[in-house]
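Visitor: Could you pick one stretch of this model and take me through it up close? I'd like the numbers, and no hand-waving.

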Amino acid sequence: MRIILLCMLTLLLTVACSPAGTSANDAALPPGDASSGAALFTESIGGAPACSTCHALDDSKLVGPGLQGYAEKAINRVDGQSAEEYTHTSMTQPAAYIVEGFSNTMFPQYGQRLTPQQMADLIAYLLTL
């Protein structure tokens, strides 16, 4: 029983002392393949809606912002974060960063529905836009 309590306490301390904004979903992703990400952009995966349901590849506003020039925008969204980090956080924790003029309507479970490889592929694709 003491071992279990000690393990639980250690886990709680580890989580409490981790840097702000990190989560289990922020683990390093494998290298992404932009061509696979382009295909995934239009697919529903594991019950998650396709990205193209809410985001246009040009500047058109749908439910979410258009993605034209996404890489340049993503690199400047959050000080100290790379475009990859910003995109990953935006996909796995949609309420973390809301683009001005939009509300928090993004599907909240991409982090659970997509594999790390699918996530990496989508990010690689978005950063080509």
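**A cysteine and its surroundings**

Guide: Let's start with C54, which is partly exposed because its relative accessible area is 22%, and partly exposed runs from 20% up to 50%. Keep in mind that this is a predicted model, so everything here is computed from its atoms.

What about disulfides? A search through the whole structure turns up 0 of them. C51 is in no disulfide, and its nearest cysteine sulfur, the one on C54, sits 8.9 Å away. Seen from the other end, C54 is in no disulfide either, with the sulfur of C51 as its nearest at 8.9 Å. A disulfide needs the two sulfur atoms within 2.5 Å, so at 8.9 Å this pair doesn't qualify. On accessibility, C51 is at 14%, and it counts as buried because the cut-off is under 20%.

Now for E43. You'll find E43 in the loop between helix 2 (34-41) and helix 3. With a relative accessibility of 37%, E43 goes down as partly exposed. Leaving aside residues up to four places away in sequence, E43 touches P49 and A50. Further along the chain, T53 is 10 residues from E43, and their C-alpha atoms are 9.2 Å apart.

Then there's the largest pocket, with a volume of about 620 Å³. Its lining takes in 32 residues, and H55, G64, P65, L67 and M106 lie nearest the centre. By type, the lining splits into 20 nonpolar, 8 polar and 4 charged residues. Helix 3 (70-75) and helix 4 (83-92) each give at least two residues to that lining. Helix 4 has the largest share, at 4 residues.

Helix 3 and helix 4 come up again when you turn to helix 6, since both are among the elements covering its buried residues. Helix 2 and helix 5 (110-113) are also part of that cover. Helix 6 itself spans residues 116-126 and is mostly covered, with 8 of its 11 residues buried. Those buried residues are Q118, M119, A120, D121, L122, I123, Y125 and L126.

So, back to where we came in: C54 is partly exposed at 22%, C51 is buried at 14%, and the search of the whole structure gives 0 disulfides.

Conventions: Residues are numbered from 1 along each chain as its sequence is written. This is a predicted model: local features need pLDDT of at least 70, side-chain atom pairs count only at pLDDT 80 or more; totals for chains, interfaces and linings use all residues. Side-chain values use heavy atoms; hydrogens and water are left out. On a 1 Å grid over the protein atoms alone, a cavity is a set of points where a 1.4 Å probe fits but cannot get out, and a pocket is an open set with protein on both sides within 12 Å along at least five of seven lines; lining residues have an atom within 4 Å of a point. Grid points are joined across faces, edges and corners, and a volume is the space filled by probe spheres set on the points. Ala, Val, Leu, Ile, Met, Phe, Trp, Tyr, Cys and Pro count as nonpolar, Asp, Glu, Lys and Arg as charged, and the others, Gly among them, as polar. Buried means under 20% relative accessible area, exposed over 50%, partly exposed in between (1.4 Å probe, protein chains only). Contact means heavy atoms within 4.5 Å.
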